[in-house]
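Work through these exercises with the sequence and the model open beside you. Try each task before you read its solution.

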Amino acid sequence: MFFSIGDLEASRKAFESAISKEPQNTEFLERLSDVLESSSLHEEAIPYLRRLVAIKQADYKAHLRLARLCVVTMCFDEAVRHLKMIPADEGGSLGVAQLLNTVSILKPRHDEARRLLKSGHRGKANYLLGSVYKEVGLLDKARQSYLKAAEEPAYQAQAA
């Protein structure tokens, strides 16, 4: 209804209300997560997708959708758990191997950035975070991280 005409906030409220009345309704859970993702509220969509997967445990596309969202929110271990729930014969056509490869590349980079931030190496950490955000399509966050990296003289040329 509202979602189809682009009123994301009204859609969100309508689906939240519907879910409060019918918490096991998988269509409402899917639609609300669509709305939240469209609003770039990825972290808020995850609990609804987790509920969807708990209800539809054999729905490989639901596991894949949650895994993709987990990658965007840097919940790499959870993403891998959901990808492993998809049988190999189903996973090939869904791009599971490619997403697992992406996780194997991004998780170490993200973990290294977190370690660097804790040890005070902000320039390199922010540069690495920017590259991770860029890979998952969070371009505003990538830009912010690159700009923070550029505050460090050693990273000004790389971040520009």
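**Exercise 1. A helix and its cover**

Which residues of α3 are buried? Keep in mind that this is a predicted model.

Solution.
- Step 1. Locate the helix: α3 covers residues 42–55.
- Step 2. Pick out the residues under 20% relative accessible area, because that is the cut-off for buried. In α3 they are H42, A45, I46, Y48, L49, L52 and V53.
- Step 3. Look at the spacing. Residues three or four places apart in an α-helix point the same way, because there are 3.6 residues a turn.
- Step 4. Find the cover. The buried residues of α3 are covered by parts that include α1, α2, α4 and α5.
- Step 5. Check the length. With 14 residues, α3 reaches 20 Å from its first C-alpha to its last, close to the 20 Å expected at 1.5 Å a residue.

**Exercise 2. The nonpolar core**

Which helix gives the most to the largest nonpolar core?

Solution.
- Step 1. Size up the core. The largest nonpolar core has 41 residues.
- Step 2. Find its best-connected members. L64, V71, F76, L83 and V136 have the most contacts inside this core.
- Step 3. List the helices. At least two residues of this core come from each of α1, α2, α3, α4 (60–72), α5 (76–83), α7 (96–118), α8 and α9.
- Step 4. Name the top contributor. It is α4, with eight residues.
- Step 5. Zoom in on L64. Neighbours within four places in sequence are set aside; L64 then contacts L83, I86, L94, V96 and L99.

**Exercise 3. Aromatic pairs**

How many aromatic pairs does a search of the whole structure find? Classify each one.

Solution.
- Step 1. Count. The search finds two aromatic pairs.
- Step 2. Take F15 and F28. Their ring centres are 6.3 Å apart and their planes meet at 50°, so this pair is tilted.
- Step 3. Place the two residues. F15 sits in helix α1 (residues 8–21) and F28 in helix α2 (residues 26–38), so the pair ties together parts 13 residues apart in sequence.
- Step 4. Check F15 for exposure. Its relative accessible area is 7%, so F15 is buried.
- Step 5. Take Y127 and Y146. The centres of these rings are 5.4 Å apart, with planes at 50°, so this pair is tilted.
- Step 6. Place them too. Y127 belongs to helix α8 (residues 122–136) and Y146 to helix α9 (residues 139–150), so parts 19 residues apart in sequence are tied together.
- Step 7. Check exposure. Y127 is partly exposed at 26% relative accessible area, whereas Y146 counts as buried at 17%.

**Exercise 4. Salt bridges**

Which residue forms a salt bridge with E44? Then trace the partners of K56.

Solution.
- Step 1. Recall the idea. Side chains of opposite charge can pair when their charged atoms come close.
- Step 2. Get the total. The whole structure holds ten salt bridges.
- Step 3. Find the partner of E44. It is R12, with the closest N and O atoms 2.4 Å apart.
- Step 4. Place this pair. E44 is in helix α3 and R12 in helix α1, 32 residues apart.
- Step 5. Widen the view. R12, E16 and E44 are linked in a network of salt bridges.
- Step 6. Turn to K56. E30 forms a salt bridge with K56, the closest N and O atoms being 3.7 Å apart.
- Step 7. Place this second pair. E30 lies in helix α2 and K56 in the loop between α3 and α4, so the pair ties together parts 26 residues apart in sequence.
- Step 8. Add D59. D59 also forms a salt bridge with K56, at 3.2 Å between the closest N and O atoms.
- Step 9. Check exposure. E30 is partly exposed at 29%, K56 at 27% and D59 at 22%.

**Exercise 5. Two cysteines**

Why do C70 and C75 form no disulfide?

Solution.
- Step 1. Set the limit. Two cysteine sulfur atoms must lie within 2.5 Å to count as a disulfide.
- Step 2. Compare. The sulfur of C70 is 5.2 Å from its closest cysteine sulfur, in C75, so the gap is too far for a bond.
- Step 3. Conclude. The count of disulfides is zero.
- Step 4. Check exposure. C70 is buried at 0% relative accessible area, while C75 is partly exposed at 27%.

Key. Residues numbered from 1 in each chain as written. Predicted model: local features only at pLDDT ≥ 70, side-chain atom pairs only at ≥ 80, totals over all residues. Heavy atoms only, no water. Phe/Tyr/Trp six-rings, centres within 6.5 Å; stacked < 30°, edge-to-face > 60°. Helix = DSSP H or I, 4+ residues; strand = E, 2+ residues; numbered from the N terminus. Buried < 20%, exposed > 50% of the residue type's maximum accessible area, 1.4 Å probe, protein only. Core = buried A, V, L, I, M, F, W, Y, C linked by side-chain atoms within 4.5 Å. Contact = heavy atoms within 4.5 Å. Expected span 1.5 Å × (residues − 1). Salt bridge = Lys/Arg side-chain N within 4 Å of Asp/Glu carboxyl O.
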